[in-house]
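User: Please take a close look at a single part of this model, the part that UniProt lists as a coiled-coil region. What does the structure show there, and how does that part sit within the chain as a whole?

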Amino acid sequence: MSGTVRLPDVLPITSKNIDYLNKITVPDLSQEISNSKTSIQESTIALLSSTSTYPEEKVKQLEEMYKELLRLEEKQKFLSSKLIELKAEYKEQSADLPRLDLENWNHYLNNDYNLTNIRKKWIELQSEEVEINKKDQWLRVFYALPYIWSDPSRVIPYDPLENNNNTEEEEDIKVDGGVIDLNCPVSLKKFNLPMISLKCFHTFDDASLKELFRPSKTIECPTPGCGKVLTTKDFTEDKLMRIRVLISDLRKQ
Ligand SMILES: [Zn+2]
């Protein structure tokens with residue numbers, strides 16, 4: 001045996017180290033991530049506005065950076081929720097255990113009480129892969145850009161928003177052809193601030209929606225044959241439509 005004393009990996013919770021445990025948190029980077037996402041979106045728009053040929057490589061770089069941010073965002077959520085679980089688990093496990101003393105030293109050293117090794121588990125969790133949110137509005141823009149660059153009204157072959165599985169197997173199912181109208185179906189004017197319903201994926205201009213929602217908190221989707229009952233909460237900015245309009249405007253210059 002060497003002369004150094006080995007400390008147990010796991011120790012019971014005492015009133016002293018419970019404070020320490022409570023102080024361990026995942027740093028909240030949500031504001032920084034959100035700012036960086038916005039800055040990538042703005043850079044993409046600036047890039048598209050500055051060129052007449054499709055800047056494929058640069059768009060790909062921005063897309064990779066953006067995906068990295070989405071990954072970081074998911075990782076943060078994942079680690080925060082796991083940490084809460086770990087703390088609760090540890091507190092429960094060690095609630096009735098004796099304080100470390102010479103008598104039980106070896107029990108703790110051998111982890112006979114089966115305490116979770118938080119440090120080890122935490123390191124394992126750090127390296128776990130997380131799924132990014134494939135339905136992210138700007139990721140959808142990146143996916144669509146190569147298709148809509150030359151024709152902003154073009155239907156994209158696969159819409160990440162409308163698909164629930166994570167594969168692109170259904171890529172070829174959508175029939176080629178058909179056009180996306182860049183005008184709001186209610187006001188018949190070109191989209192200014194397009195908003196998409198996440199219940200039926202129909203898009204209307206924000207100004208039209210304000211009119212539609214004026215008399216009531218719920219509306220039936222005005223798209224013929226849809227009729228889904230919608231509230232303002234079902235809508236989010238349709239960034240893809242915004243980019244379609246932007247590209248269309250750039251073509252006209
Ligand atoms: Zn609808």
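Analyst: Helices (H or I, at least four residues) and strands (E, at least two) are DSSP runs, numbered from the N terminus. The model is predicted: local features need pLDDT of at least 70, side-chain atom pairs count only at pLDDT 80 or more, and totals for chains, interfaces and linings use all residues. Residues are numbered from 1 along each chain as its sequence is written.

An unreviewed UniProt entry lists residues 62-89 as "coiled-coil region"; such annotations may be inferred rather than shown by experiment. In the model this span is 100% helix and 0% strand, and its end C-alpha atoms lie 40 Å apart.

Helix α3 covers residues 56-94. Its 39 residues should span 57 Å at 1.5 Å a residue (the expected span being 1.5 Å times one less than the number of residues), and the 56 Å between its end C-alpha atoms agrees with this. Tyr66, Leu69, Glu73, Tyr90 and Ser94 of α3 are buried, that is, 20 or more other C-beta atoms, placed from the backbone, lie within 10 Å of their own.

As for the whole chain, 13% of the 253 residues are buried. The chain has 8 helices and 5 strands, in the order α-α-α-α-α-α-β-β-α-β-β-β-α. Its radius of gyration is 26 Å, well over the 18 Å of the globule rule (2.2 Å times the number of residues to the power 0.38, with the radius taken over C-alpha atoms), so the chain is more spread out than a compact globule. Its C-alpha atoms fill a box of roughly 80 × 45 × 35 Å along the principal axes.

Definitions and conventions. Buried ≥ 20, exposed ≤ 12 C-beta atoms within 10 Å, placed from the backbone.
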